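The following report describes the secondary structure, the burial of residues and the annotated spans of one chain. The sequence and the model are shown first.

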Amino acid sequence: MTPLLLNSSDLYDDLNSSFSRFDNWTSCQQQNNSSSCNETFVGDDVTASTQHVGKVYWALVMIPLPLVAVVGNILVILSVYKERNLQSATNYFIVSLAFADLLVAAVVMPFAVYVLVSDVHFS
């Protein structure tokens, strides 16, 4: 099996064709001529469906991460709380870090996953 070699000129040509299609699409949208826009860009539906599949894949990979982080940090906090031998100054610092990580995993990470897999654009 031969390795696939990428040529920089091929990549440059692909990027130029993508940008030219985007420019054509934006000019078409600015003219509000939706019938010609739809006819011109039928081939982009394949790319859109491929991107949707990729986003679903990343969502399935990323959703368990906040759940695992929450459960793991709760276990750390409970183990120090329940076990008398673990109640030391050093472990209280670890509990403090676990509590902060628990808040990040419960509050921030779900929104980060949503933003990464959706089409939300903040400007």
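In this predicted model, the chain holds five helices and zero strands, and from the N terminus on its elements run α-α-α-α-α. Of the 123 residues of the chain, 13% count as buried.

Helix α4 covers residues 64–82, and because a helix is expected to advance 1.5 Å a residue, its 19 residues should span 27 Å, a value with which the 27 Å separation of its end C-alpha atoms agrees. Within α4, the residues Pro-66, Ala-69, Asn-73 and Val-80 are buried. Viewed down the axis of α4, the buried residues fall within an arc of 70°, so they line one face of the helix. Leu-67, Val-68, Leu-75 and Lys-82, by contrast, are exposed on the other side of α4.

Ala-69, which lies in helix α4, has a relative accessible area of 18%, and it counts as buried because this value is under the 20% cut-off. Although Ala-69 and Leu-103 are 34 residues apart in sequence, their C-alpha atoms are 9.9 Å apart in space.

A nonpolar patch on the surface is formed by Val-104, Val-107, Val-108 and Phe-111, which together have about 370 Å² of accessible area. One of these residues, Val-107, lies in helix α5, which comprises residues 89–117. Val-107 has a relative accessibility of 47%, and it counts as partly exposed because this value lies between the cut-offs of 20% and 50%.

Turning to the record, the unreviewed UniProt entry lists residues 56–81 and 93–117 under "transmembrane region", an annotation that may be inferred rather than shown by experiment. The table sets out the geometry of these spans as computed from the model.

| Span | Distance between end C-alpha atoms | Helix | Strand |
|---|---|---|---|
| Residues 56–81 | 39 Å | 96% helix | 0% strand |
| Residues 93–117 | 34 Å | 100% helix | 0% strand |

Which of the listed spans is 100% helix? It is the span of residues 93–117, whose end C-alpha atoms lie 34 Å apart, whereas the span of residues 56–81 is 96% helix, with its end C-alpha atoms 39 Å apart.

How values were computed. Residues are numbered from 1 along each chain as its sequence is written. This is a predicted model: local features need pLDDT of at least 70, side-chain atom pairs count only at pLDDT 80 or more; totals for chains, interfaces and linings use all residues. Side-chain values use heavy atoms; hydrogens and water are left out. Helices (H or I, at least four residues) and strands (E, at least two) are DSSP runs, numbered from the N terminus. The expected span of a helix is 1.5 Å times one less than its number of residues. Buried means under 20% relative accessible area, exposed over 50%, partly exposed in between (1.4 Å probe, protein chains only). The arc is that of the directions from the helix axis to the C-beta atoms. Patches are made of residues with over 30% relative accessible area and no salt bridge: like charges are joined within 9 Å, nonpolar side chains (Val, Leu, Ile, Met, Phe, Trp, Tyr) within 5 Å. Accessible areas come from the Shrake-Rupley method with a 1.4 Å probe; for residues, only the protein chains shown count as cover. A salt bridge is a side-chain nitrogen of Lys or Arg within 4 Å of a carboxyl oxygen of Asp or Glu.
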